[in-house]
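User: Could you take a close look at one strand in the middle of this model for me, and then walk outward to whatever packs around it? I'd like one connected account that I can follow with the structure open.

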Amino acid sequence: MQNEVVSREKWLEARRALLLKEKEATRLRDSINAERLALPWVKVDKDYIFDTPEGRKSLADLFDGRSQLLIYHFMLGPDWEAGCTGCSFLSDHVDGALPHLNNHDVTWVAVSRAPLHKIAAYKRRMGWKFPWVSSFGSDFNFDYHVSFSQEDLAKDKVFYNFTAIEPAEAHDELPGLSAFYRNDKGEIFHTYSSYARGPEELIGTLMILDRAPKGRNEGTIMDFVRRHDEYEDAAKAQSCCH
């Protein structure tokens, strides 16, 4: 179905009206960002150990010498054969940002409960470079409410996105983003977490599609998304090289 077709003058009138709302949304985003930065912090007293390609590392080690750490809770469970499609979509946007983040005293690390060999295999398949470690055998994912045991899912409610939800709405793994700060004394603080659609603004493709004539053109949220090697054009490109 095509939108109404009007004169340039009428289009400018409609566009200027929308511009006022876009500016309002920008100001609201700035205000929300300021409130996010003003959130109180929680000291992390628990020791967490992760499996990494360089050996076992603590949460402090993951900062890699910087004071700020962003952890993406990537949905890849111990018995999964491939990473979550939505998490993969978001992660396609990370590598190009790494030099800018690192220069700004921020380290990005993906964390999954899958054992390291599964993470390494999927990372090779996707061609990613960002750091990705395993929390297998650790409480980390459970403490930050992105992983759920079968016992958890058998309960009346599970805690996700800061509220109690029905187990039918949950999964053994769910997505999220958490931020941490490490001060000069080596103390670590949990400063922020976001779940569900919260990290959506990190997905640049969605922001671009929002400006396209048909927008996201979806029936349900991100129903059009595939892993980047599963699109028809990607399959054709691969087949011609073999």
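Analyst: Happy to! Let's begin with strand E5: seven of its seven residues are buried, so E5 is largely enclosed by the rest of the structure. Here, buried means under 20% relative accessible area, exposed means over 50%, and partly exposed is in between, with a 1.4 Å probe and protein chains only. Helices (H or I, at least four residues) and strands (E, at least two) are DSSP runs, numbered from the N terminus.

Before going further, a word on what you are looking at. This is a predicted model, in which local features need pLDDT of at least 70 and side-chain atom pairs count only at pLDDT 80 or more, while totals for chains, interfaces and linings use all residues. Residues are numbered from 1 along each chain as its sequence is written, and side-chain values use heavy atoms, with hydrogens and water left out. The pLDDT is the predictor's confidence in each residue, from 0 to 100; its mean for the protein is 94, and 96% of the residues reach 70 or more. Residues 237-242 have a pLDDT below 50, and beyond near neighbours in sequence this stretch has one contact in the model. Contact means heavy atoms within 4.5 Å. Where pLDDT is low, the predicted coordinates should not be read in detail.

Back to E5. In a regular strand the side chains alternate between the two faces of the sheet. Both faces of E5 are covered: Val-106, Trp-108, Ala-110 and Ser-112 are buried on one side, and Thr-107, Val-109 and Val-111 are buried on the other.

Now for the strands that pair with E5. Two strands pair if DSSP finds at least two bridges between them. E4 and E5 run parallel and are joined by six bridges; Leu-69 has Thr-107 in E5 as its bridge partner. E5 also pairs with E6 in the parallel sense, over three bridges, and there Ala-110 is matched with Trp-132 of E6.

From E4 (residues 68-73) you can step on to E9, since these two pair in the antiparallel sense over six bridges. Tyr-72 has Leu-177 in E9 as its bridge partner. Strand E9 (residues 176-182) has five of its seven residues buried, so the rest of the structure largely encloses E9 too. Seven bridges then connect E9 to strand E10 (residues 188-195), running antiparallel, and Phe-180 is matched with His-190 in E10. The hairpin of E9 and E10 has five residues between the strands, and Gly-186 in this hairpin takes a positive phi near 90°.

Next, the helix that packs against E5. The buried residues of helix H5 (residues 116-126) are Ile-119, Tyr-122 and Met-126. They lie on the same side of H5, because they cover an arc of only 70° around the axis, the arc being that of the directions from the helix axis to the C-beta atoms. An α-helix has 3.6 residues a turn, so residues three or four places apart point the same way. The buried residues of H5 pack against strand E5 (106-112), strand E6 (132-134) and helix H3 (85-91). His-117 and Arg-124 are exposed and sit on the face of H5 turned away from its buried side. Just after H5, Gly-127 takes a positive phi of about 75°.

Tyr-122 also leads us to a loop. Arg-227, in the loop between helix H8 (204-209) and helix H9 (232-239), is joined to Tyr-122 by a side-chain polar contact of 3.0 Å. A polar contact is a pair of N or O atoms within 3.5 Å; within protein, one must be able to donate a hydrogen and the other to accept it, and residues adjacent in sequence count only if both atoms are side-chain atoms. Arg-227 counts as buried because its relative accessible area is 15%. Not counting residues up to four places away in sequence, Arg-227 touches several residues, including Cys-84, Thr-85, Ser-88 and Met-126.

That brings up the cysteines. Which cysteine sulfur is closest to that of Cys-84? It is the sulfur of Cys-87, 3.7 Å away and therefore too far for a bond, given that a disulfide is a pair of cysteine sulfur atoms within 2.5 Å. By this rule the count is zero disulfides. Cys-84 is buried at 17% relative accessibility, and Cys-87 is buried at 1%.
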